[in-house]
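User: I'd like to learn how to read a few features of this model. Can you walk me through them, one at a time?

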Amino acid sequence: MEKIKVQDSVGAVLIHDMTQIIPGVTKGPRFRKGHVVREEDIPILLSMGKEHIYVWDQTPGLMHENEAAERLAKAACGPGLTLDEPKEGKITFTAAHDGLLYVSEDGVLDLNSLEYIILSTLHNHRPVKKGTKVAGTRVVPLMIDEKVILEAERIAKTFSTPLLEVRPLKSFKVGIVTTGNEVFHGRIQDKFGPVLRAKIEAWGSVVLKQTFASDDISLIQRSIQDHLDQGADMILVSGGMSVDPDDVTPTAIKEMGAELITYGAPVLPGAMFLLAYINDVPILGLPGCVMYSKTTAFDLFAPRLLTGERLSRRDIVKTGHGGLCLDCPVCSYPHCSFGK
């Protein structure tokens, strides 16, 4: 780039957006890339604090920041996202529909490890609404060596999944099995069902039906099997998840031949969470906190399952970092540290 005085710039073509800041009024590009400087622009540029402007040095192999940002964004962008036009060298990623944001944490790290590359995102597995800003990218210098961008594109291709995508939640048929002698025999009113039904419907799925079982292993198993026979895509088993001798839900699930992924999660509230699979159907054992705490381990893992993801034990234990809910008087999840 060649630096020239603003007073000598009439007829020059701007090679980047030039931002004007008027406190309390506006902040944005006053002159866009490609603008041809006119005589009447000189006082405005001077009032913006611009004594000089740059003219593009057409050195082979150099890329303008806008073109570089476009290529970076396309390399990182996966399904469920839209990209805006470059503005002052920056591009924003926006959710194209409601869903769950998936971020390749290793991919973002590798890209940002390249000199002059910037990719900033929201946290992985964050629920987002259509139109939510989820990421932004740019390069630091006005002009960048194309080799850096080529390396960034190569890195993005080494990952089996996109660096960024928003996966929609599928509509599952969900069966609910509520266990416990106290509910089964009518000693207390069921409080689990309404809570679970509200969450399931808010996620776009439907309740197949709710059945009740006493603290009897065979009855719990028959209830689960009945839901499977009716085509349930997910089964929630509430109650009976503690270590008390009468709480036999984990035993009932394991003895059905289910593939146990975990009994216990490093998440508070929700430590007694259970996840198992019978074939491809996830079976979730839900501790009592799901009934009275607004956000628990259930809210972290169920949406991921509803995207079609099959969770491993490692996926569960990784949530220990960020797995402590602060139990705020007014819950602001997901705009907080929980599950991050």
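Analyst: Sure. Let's start with sheets: two strands pair if DSSP finds at least two bridges between them. Keep in mind that this is a predicted model. Here, three strands make an open sheet, ordered E10-E8-E13, with antiparallel pairing.

User: Which strands stand at the edges of that sheet?

Analyst: Strand E10 (127-128) and strand E13 (164-167) do; each has a single partner strand, so one side of each has no neighbour in the sheet.

User: How many bridges join E8 to E10?

Analyst: Strand E8 (residues 99-103) is joined to E10 by two bridges, and they run antiparallel. For a spot to click on, Gly99 sits opposite Val128 in E10.

User: Now hairpins. What should I look at in the hairpin of E2 and E3?

Analyst: Start with the pairing, then go to the turn. Strand E2 (residues 18-22) pairs with strand E3 (residues 26-31) over five bridges, in the antiparallel sense. Thr19, for instance, faces Pro29 in E3. Three residues lie between the strands of this hairpin, and Gly24 has a positive phi near 75°.

User: On to the surface. Which residues form a nonpolar patch there?

Analyst: A patch takes residues with over 30% relative accessible area and no salt bridge, and nonpolar side chains are joined within 5 Å. In this chain, Tyr116, Ile118 and Val140 make up such a patch, together offering about 250 Å² of accessible area.

User: Where does Tyr116 lie, and why does Tyr116 count as partly exposed?

Analyst: Tyr116 is in the loop between helix H3 (105-112) and strand E9 (117-121). Buried is under 20% relative accessible area and exposed is over 50%, with partly exposed in between. Tyr116 has 40% relative accessibility, so it counts as partly exposed.

User: Let's zoom out. How many helices and strands are in the chain?

Analyst: Eleven helices and 19 strands. For overall shape, put the radius of gyration beside the globule rule: the chain has 27 Å, well over the 20 Å that the rule gives for 340 residues, so it is more spread out than a compact globule. The C-alpha trace spans about 90 × 40 × 30 Å along its principal axes.

User: What share of the residues counts as buried?

Analyst: 46% of the 340 residues do. The accessible surface comes to about 17000 Å², and 52% of that belongs to carbon and sulfur atoms. As for contacts, take those with a separation of 6 or more: residues 24 or more positions apart account for 66% of them.

Note on methods
Residues are numbered from 1 along each chain as its sequence is written. This is a predicted model: local features need pLDDT of at least 70, side-chain atom pairs count only at pLDDT 80 or more; totals for chains, interfaces and linings use all residues. Side-chain values use heavy atoms; hydrogens and water are left out. Helices (H or I, at least four residues) and strands (E, at least two) are DSSP runs, numbered from the N terminus. Patches are made of residues with over 30% relative accessible area and no salt bridge: like charges are joined within 9 Å, nonpolar side chains (Val, Leu, Ile, Met, Phe, Trp, Tyr) within 5 Å. Accessible areas come from the Shrake-Rupley method with a 1.4 Å probe; for residues, only the protein chains shown count as cover. A salt bridge is a side-chain nitrogen of Lys or Arg within 4 Å of a carboxyl oxygen of Asp or Glu. Buried means under 20% relative accessible area, exposed over 50%, partly exposed in between (1.4 Å probe, protein chains only). The radius of gyration is taken over C-alpha atoms; the globule rule is 2.2 Å times the number of residues to the power 0.38. Contact means heavy atoms within 4.5 Å.
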